[in-house]
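Subject: Handing over a structure, with notes

Dear colleague,

I am passing on the structure we spoke about, so that you can look through it yourself before reading my notes. Please keep it open beside this message as you read.

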Amino acid sequence: MQIGHNRKKMTGAQCLADMLKGYGVTHVFHVPAVLRTTYAEMERRTDIKRLHVHGEKSAAYMADGYARATGKPGVCMAQVIGALNLAAGLRDAWLAHSPVIAFTGGREAKTKFRKVYQEVDDVPAFEPVTKFNATVDDVARFPDMVRQAFRSAVSGTPGPVHLQFRGNEGQIDLEEAEMEPLVEPLFARVPPFRPQPDQASVLAALKHLQGAERPVIVAGGGVRASGAAAELVALAEALQIPVATSLNGKDTIPGNHPLSVGVVGTYSRESANRVVNRADLVCFVGTETGGMTTHFWAVPAIGTPAIQIDIDAEALGRNYPLLAAVNGDAKVTLGKMLESADRAGAGKRKAWIAEAQGICGEWRSKYKSALTSDAVPIRPERLCHELSLHVPDDAIVVVDTGHAGMWMGGMYDLKSPKQSYMRSAGHLGWAFPAGLGAKCGAPERPVVTFTGDAGLWYHIGEIETAVRWKINAVTVVNNNGGGNQSKRGFDRVYGGKQTEQARELWTFNKMNFARIAEDIGALGIRVEDAKAFPAALAQALAANRPAIIDVVTDIEALAPTAVS
Ligand SMILES: Cc1ncc(C[n+]2csc(CCOP(=O)(O)OP(=O)(O)O)c2C)c(N)n1
Ligand SMILES: [Mg+2]
């Protein structure tokens, strides 16, 4: 049943190595030992870098960062005993719709159910975090299964895929068959296709948008996956419509654009929530309208007139009843709306734009003192502000969740359309390894990762991987000696103010991460005064070494909560 006219006898390992090369894979991330023979063939037949890292979860996060930075599937691997650690790492990629391909070793038909050392049935655990989850039991299936893995990962709404190869270490790759290592370059990156929307639905959506007096666009990760930022901004400008983004869509419009109102939802900027809640029509583009982006469906309130554009028809209207729904690729759809847009009508929204800009101005005045604070220990708002000012225009900014997501989502501004922004979809500890993966995928771009200290602790061992593989990402640690996002919640359960002892639930020993970084061979810089931060960032970016900037911040600082 093999497709292809150029079949020849080869091992699974040779076939897989050739196929990964054919798909343009440059790095794979793993903990040994899995597909050992394939690794040997990769060395003989390809230039693929085989990064041996300190945990399967961080391998998955690195592959995820690589995928989100490049649009190409990121590949990670584990032997049978590490399979569920790898599955845990796919969870963020699943939530963020990131095309990660995971290979694991798995059971032999000859020995399963006989209490084989280290073996359980791992396949079901991949089910909730993958689009395609399958076993490769016959070596002749390598070509079609690997093609299906790539096809599934990048198509439609992208997402993770899992293939389990027979043998605890995937020893099926030793076996031979007549095969052709055929690849489909179309599926080597997101998006393989740009489905055209139905023109009538485009015109219906446009009619509502143009008829509204106070419309707002909420742009999500689908706009970023489609590479539709330019079309989004052009349409907003043509029709004079303010733009809010989800956290995942933060880089679809620069923060200094006059129509940008910020990130909307729970980890958000107050101005975005206020503008969205004043709108008479919300246009959702490439967003799931999930809890984080809508502050659990309070921003906007259910019942607010809405239209929605998405590549996935099943997303249309899931949480908000729609006046118009458009099923298509974001770039093509926004381009079509722009072609038919009536620019003459935009003038009627002058007052609305002035109101939205006024709300943004109020946000700036309200937070000016925090954003420019000279306090020691350093305020996180000031750290975000310094990053807004000094992160290079072509950088990839990678951000952890929890407070990191709140601080950077709300307080950081991208100042160029060339900058990228990627964030954890909820898993603490994602950002540091994801930043390393992003740097592997885009070595020519600066990568600046923002994480809390609890976030860094998760995968701190990967500093050694960064040094060994010369992954020169810059990691900024908001080091307050605890996971202080939890402070509010513990105050609450203690009836208002927690006991001193309760702090053992969320604080750590004070730590100097710069010194740890130096010991491992990276550049470590400790910053205790905000004024020293720009020079530290410049030094780290120029160092040609992985760098950790350990910023000592205020453990009492709490990020503002969402307004609705
Ligand atoms: C895998 C995972 N476990 C637990 C959490 C819950 N959580 C969110 S923020 C946080 C603490 C964050 O601490 P840190 O990274 O130091 O940032 P800080 O709040 O101190 O600024 C925790 C435990 C999570 N988001 N992900
Ligand atoms: Mg902390």
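What follows goes from the overall form to a metal site, then to a strand, a helix and a single residue.

Please bear in mind throughout that this is a predicted model. The protein has 21 helices and 20 strands, and its C-alpha atoms fill a box of roughly 70 × 60 × 45 Å along the principal axes. For 564 residues a compact globule would be expected to have a radius of gyration near 24 Å, and the protein, with 24 Å, agrees with that. Buried residues account for 60% of the 564, while the exposed area comes to about 21,500 Å², of which carbon and sulfur atoms supply 53%. Of the contacts between residues at least 6 apart in sequence, 76% join residues that are at least 24 apart.

The metal site concerns the magnesium ion (ligand 2), which is coordinated by D453 through OD, N480 through OD1 and G482 through O, at 1.9 to 2.1 Å. Along the sequence these donor residues follow the spacing D-x26-N-x1-G. Because D453 belongs to helix α17 (residues 453–458), whereas N480 sits in the loop between β18 (474–479) and α19 (487–493), the pair ties together parts that are 27 residues apart in sequence. D453 is buried, at a relative accessible area of 2%, and N480 is buried as well, at 11%.

Strand β12 (residues 281–285) has five of its five residues buried, so the strand is largely enclosed by the rest of the structure. In a regular strand, side chains alternate between the two faces of the sheet. In β12 both faces are covered, with L281, C283 and V285 buried on one side and V282 and F284 buried on the other. Two parallel neighbours pair with this strand: β9 (residues 215–219) is joined to β12 by five bridges, and β13 (residues 306–310) pairs with β12 over four bridges. Within these pairings, V216 has V282 of β12 as its bridge partner, and F284 stands opposite Q308 in β13.

Which residues of helix α21 (residues 533–542) are buried? They are F533, A536, L537 and A540, and because they cover an arc of only 100° around the axis, they lie on the same side of α21. What covers these buried residues includes α14 (380–390), β18, β19 (523–527) and β20 (547–552). The face of α21 turned away from the buried side carries the exposed residues A535 and A542. After the helix comes N544, whose phi is positive, near 55°.

Finally, you may wish to look at R379, which is placed in the loop between α13 (350–371) and α14. With a relative accessibility of 21%, R379 counts as partly exposed. Leaving aside neighbours within four places in sequence, R379 is in contact with A370, S373, W407, D554 and A557. R379 and N478 are 99 residues apart in sequence, yet their C-alpha atoms are 9.4 Å apart in space.

With best wishes

Notes: Residues are numbered from 1 along each chain as its sequence is written. Chains are lettered from A and ligands numbered from 1 in the order in which they are written. This is a predicted model: local features need pLDDT of at least 70, side-chain atom pairs count only at pLDDT 80 or more; totals for chains, interfaces and linings use all residues. Side-chain values use heavy atoms; hydrogens and water are left out. Donors are N, O and S atoms within 2.8 Å of the metal (3.2 Å for Na, K and Ca); water is not among the atoms, so sites may look incomplete. Buried means under 20% relative accessible area, exposed over 50%, partly exposed in between (1.4 Å probe, protein chains only). The arc is that of the directions from the helix axis to the C-beta atoms. Contact means heavy atoms within 4.5 Å. The radius of gyration is taken over C-alpha atoms; the globule rule is 2.2 Å times the number of residues to the power 0.38. Accessible areas come from the Shrake-Rupley method with a 1.4 Å probe; for residues, only the protein chains shown count as cover. Two strands pair if DSSP finds at least two bridges between them.
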